[in-house]
Amino acid sequence: MAGRSQPPYRRPRGNFSSSSSRSFQPSQPCRKFQSHPTNDASPDSNNNKTSSSNLDRSIDGDIDDVHNLPSLVGTCPFMCPVEEREKRERLRDLAVFERLYGNPRESSPSLAVKKFCRTISAKTLQDSDVRPLSVLEDTLNYLCNLLDSTEHPFEVVHDFIFDRMRSIRQDLSMQNISCSRVVSMYERMVKFHIISQHKLRRCSGSNISSLSYLNMEQLMKALVTLFTLYEANRTSQSIFENEAEFFSFYVLLHLDSKTQGTGETLSLWFRRVPSHIMKSTEMNFARKILRYFRLGFYKNFIHITESDASYLQYCIIEPSINEVRALAISCVNYGGYKPQPFPLVALSKLLMMKEWDLESFCNDSGLQTSVDEEGNSCLPTKQTTLIHPKGGLHKYYPLESERFERFSVVLQEL
């Protein structure tokens with residue numbers, strides 16, 4: 001988040017279901033951030049523990065000048081304000097999902113979804129332009145149901161949901177809503193970005209790189225905002241059962257050296273994480289994976305990923321698996337005994353790949369394979385043609401695992 005150096009991190013566990021994943025009382029009312037920090041430290045206080053300025057700085061930069069906007073209580077009963085829908089119908093500015101019977105000039109309240117708008121004028125903004133929390137929840141449910149749409153290419157589906165989810169976050173920000181129901185919404189939006197990134201890696205096209213970059217940017221922003229919301233809703237009786245898994249996502253995102261994070265080093269960030277989160281199963285797994293990756297322990301990295309990663313954790317780890325496999329092949333190539341080629345069947349088990357996938361992977365890395373006298377495929381060592389393509393190997397070879405084969409089923413359930 002721009003201008004945000006030390007966001008509050010407290011207490012973390014995460015499914016794409018619409019139900020809340022923490023043990024708050026259902027009767028707890030939604031609360032708004034106060035204009036000024038409160039000095040009331042009572043657990044029963046109705047005031048949030050984080051000031052509005054803290055939350056505003058973490059709401060993803062989705063409004064250019066949020067501090068100059070008036071305090072709003074949205075009254076729009078539809079997923080898209082009527083005025084916006086009618087204007088976009090006239091301008092033929094309807095996404096394919098919003099067109100009534102495919103007509104680019106006609107939509108309906110059940111199809112049109114409010115677009116994200118970076119520049120908002122405080123002079124013209126009205127309550128009727130903003131959707132209340134209940135409508136935003138229904139809109140999020142509608143968007144999540146589109147995620148598995150097969151009628152259009154996934155990049156088209158992603159682009160629509162991506163934009164409309166930013167609009168949801170914008171409406172939440174303008175109303176300063178920060179209750180536990182918003183926590184659940186942000187958890188689902190973070191999951192969307194993780195699953196989307198996983199699916200975009202399997203897409204082809206000239207704009208996929210740009211879509212992936214923007215998606216990762218919004219994933220990090222939504223995740224840090226979620227941490228702020230956890231803190232804002234902290235009471236002595238509250239337990240967010242999914243916090244640990246969402247904190248682990250932040251750690252695993254640092255497998256990618258280009259991850260921006262919050263602007264501080266991960267070691268400093270760890271100091272802000274409460275001890276019970278650091279001791280959780282999810283965080284222990286994430287820290288272990290990060291350590292194995294940085295130390296080059298490829299066998300431990302691959303096999304612990306296969307045995308312990310949740311689906312969402314695996315989606316984040318997946319791009320790093322190719323890097324670890326490339327390291328393993330490099331070690332075998334340079335450390336092997338030249339007169340004895342390394343059997344691919346043994347290497348495929350080590351790297352959890354199908355043998356023919358491993359052969360393709362070796363070829364992509366500039367290495368040639370051979371067949372021994374018994375007809376078994378082998379990798380001759382001490383080859384000088386090993387390469388590391390700029391930007392890494394873009395083709396992904398899945399882990400050979402029954403557990404991961406079931407992840408596609410899990411995705412449908414999520």
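1. Start with helix α14, residues 355-364 (helices here are DSSP runs of H or I, at least four residues, and strands are E runs of at least two, numbered from the N terminus). Its buried residues are D357, L358, F361 and C362, where buried means under 20% relative accessible area, exposed over 50% and partly exposed in between, with a 1.4 Å probe and protein chains only. These four cover an arc of only 140 degrees around the axis, so they sit on the same side of α14; the arc is taken from the directions from the helix axis to the C-beta atoms. An α-helix has 3.6 residues a turn, so residues three or four places apart point the same way.

2. What do the buried residues of α14 pack against? They pack against α12 (311-335), α13 (344-351) and β3 (377-379), with contact meaning heavy atoms within 4.5 Å. Just after α14, G366 takes a positive phi of about 90 degrees.

3. A word on the source: this is a predicted model, where local features need pLDDT of at least 70 and side-chain atom pairs count only at pLDDT 80 or more, while totals for chains, interfaces and linings use all residues. Residues are numbered from 1 along each chain as its sequence is written, and side-chain values use heavy atoms, leaving out hydrogens and water.

4. Now look at the loop between α2 (82-90) and α3 (133-145), where you'll find R92. Phi of R92 is near 55 degrees, a positive value in a residue other than glycine. R92 counts as partly exposed, at 48% relative accessibility.

5. Y101 lies in the loop between α2 and α3 too. It isn't a glycine, yet has a positive phi of about 55 degrees. Y101 is exposed, with a relative accessible area of 81%.
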